[in-house]
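Me: Could you give me a close look at one part of this model, the domain interface? Charged pairs are what I care about, so start there and work outwards.

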Amino acid sequence: MIDLVVRFPEMGEEAWQTAMRLRLPPSGEYTAIAVLGMGGSGVGGDLLAALLRPVFPVPVVVVKDRGLPAFVGPQTLVFACSYSGNTEETINAYTAAKQAGAPTIVITSGGVLHGLATAHGDPRVQVPPGMPPRAALPYLFLPMVNALRRLTHMGELSGEWAEARDALRAMVAELGPQSPRERNPAKQLAERLFGHMPAVYASSPDLAAAAYRWKSQLNENGKVLALWHAFPELNHNEAVGWEDGTTAARLAVVLLGEPAEDAAVARRIAATREVSFRSAASVSDVTARGSARLARLLSLVLFGDFVSVYVALLRGVDPTPVPPIDEVKRRLRLPAEGR
Ligand code: F6R
């Protein structure tokens, strides 16, 4: 797993270049984008929605279910993402999208979804096989960014990826396994989280997808429970839960923030630290890197990916296998499906 995290920037570059050659559906008048995907294959949709929210004129909706929202139709561009291609929810939602007449791009390494995409003649991104899906995030996410860049002429996204790639490469040198603990903030943060339940909070909804990725990676790699939320909404509910001092003392807060935080946001977070986090085991700040949104989101993702693996190593667990995910999939699989 650590080797795969180290390869994150290079996977991203490969994915970006491959997506240049992807055959695209006609650039029609889309009224919405829907991303279908579960778990490690769905978080790319969360990141896409976060990336495009401030600049894109149509909504990006992420569907983590076997059914589709009723708005999906011929004017919805659908990305169907499943690393294995065998995730029941995504296959079902993809089939519903075809029935709804939605133009669809499939992103998968194989499986049933690969066969269905071929049968329907859909454009398909071929993801390299043999990885845990969550480790293949660059292959699952960046082709969507590049496809939308081409379909909507958002040329600035090319520069955003170049900036992100360079920032991620620098982070691998700083946070990777070769970098000693004294100079490695990811290893230091993992030590602060070890023995506690992480509570990962994003400074705004713009970074919430990164907080969710941290939580998911801490779950799947670190094999720990974790909380996640985003300001300002957390001030309206979760902040009150911190009144439970016994639980609060077991929580280690991680605040994901922007390099230049908006003054109002900074005041809000400072106040919340005093009011709610005073009894936390620790409070750590992780600051996004880069000037554009893509670098800022992906730098937080990569930082969290390293931390989650270091937490696993401190706990003496193997970050790679995810038996509870596999076991439920196995129990739900219908014998007739043969997959
Ligand atoms: C496993 C992982 C899971 C899977 C999810 C969906 O590494 O992260 O969350 O991504 O169970 O499976 P796929 O990605 O094959 O559609």
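Reply: A quick definition to begin with: a salt bridge here is a side-chain nitrogen of Lys or Arg within 4 Å of a carboxyl oxygen of Asp or Glu. Keep in mind that this is a predicted model. With that cut-off, D206 and R53 make a pair, with their closest N and O atoms 2.7 Å apart. Between domain 1 and domain 2, two salt bridges are counted. The rule for polar contacts finds five residue pairs across that interface.

Which helices does domain 1 bring to the contact, with at least two residues each? They are α1 (2–6), α3 (43–52) and α6. Helix α3 gives the largest share of that side, namely five residues.

Now step back to the layout. Domain 1 covers 2–154, and domain 2 covers 174–315. Their centres, taken over C-alpha atoms, are 27 Å apart. Domain 1 puts 16 residues into the contact, while domain 2 puts in 20 residues.

For the extent of the interface, area is the usual currency: the size of an interface is often given as the accessible area lost when the parts come together. Here about 1800 Å² is buried between domain 1 and domain 2, and carbon and sulfur atoms account for 73% of that. On the domain 1 side, I2, V5 and R134 supply 32% of the area buried against domain 2, more than any other three residues.

R134 deserves a second look. Besides its part in that buried area, R134 forms a salt bridge with E220, where the closest N and O atoms are 3.6 Å apart. R134 sits in the loop between β5 (124–126) and α6, whereas E220 belongs to helix α9, so this pair ties together parts that are 86 residues apart in sequence. Are these two partners buried or exposed? With under 20% relative accessible area as the mark for buried, R134 is buried at 3%. E220 is buried as well, at 17%.

Follow the chain on from the loop that holds R134 and you get to α6. Helix α6 (residues 137–152) has 16 residues, and its first and last C-alpha atoms are 23 Å apart, close to the 22 Å expected at 1.5 Å a residue. Of those 16 residues, 14 are buried, so α6 is largely enclosed by the rest of the structure. Just after α6 comes H153, with a positive phi of about 60°.

Back to α9, the helix that holds E220. Another charged pair starts in α9: R213 and D305 meet through their side chains in a salt bridge of 2.9 Å, N to O. R213 lies in α9 and D305 in helix α13 (residues 293–315), so the pair links parts that are 92 residues apart in sequence. R213 is buried, with a relative accessible area of 2%. D305 counts as buried too, at 2% relative accessibility.

Past α9, two backbone details are worth checking on your screen. In the loop between α9 (208–220) and β7 lies K223, which is not a glycine and yet has a positive phi of about 55°. K223 counts as partly exposed, at 29% relative accessibility. Further along, a cis peptide bond joins F231 and P232, with omega about 0°. P232 is in the loop between β7 (227–230) and α10 (238–241).

How many salt bridges does a search of the whole structure find? It finds 16. One for contrast with the buried pairs is R330 with E327, whose side chains meet at 2.9 Å, N to O. Both lie in helix α14 (residues 323–332), three residues apart, or about one turn of the helix. That spacing fits a general pattern: an α-helix has 3.6 residues a turn, so residues three or four places apart point the same way. R330 is partly exposed at 49% relative accessibility, and E327 is partly exposed at 27%. Elsewhere, salt bridges with shared partners join E13, R165 and D166 into one network.

If you want a short tour of the interface, start with D206 and R53, go on to R134 and E220, and finish on α3, which gives domain 1's side its largest share of residues.

Technical notes. Residues numbered from 1 in each chain as written. Predicted model: local features only at pLDDT ≥ 70, side-chain atom pairs only at ≥ 80, totals over all residues. Heavy atoms only, no water. Helix = DSSP H or I, 4+ residues; strand = E, 2+ residues; numbered from the N terminus. Expected span 1.5 Å × (residues − 1). Buried < 20%, exposed > 50% of the residue type's maximum accessible area, 1.4 Å probe, protein only. Domains from an automatic or database assignment. Contact = heavy atoms within 4.5 Å. Buried area = accessible area lost by both parts, 1.4 Å probe. Polar contact = N/O pair within 3.5 Å; in protein donor to acceptor, adjacent residues only side chain to side chain.
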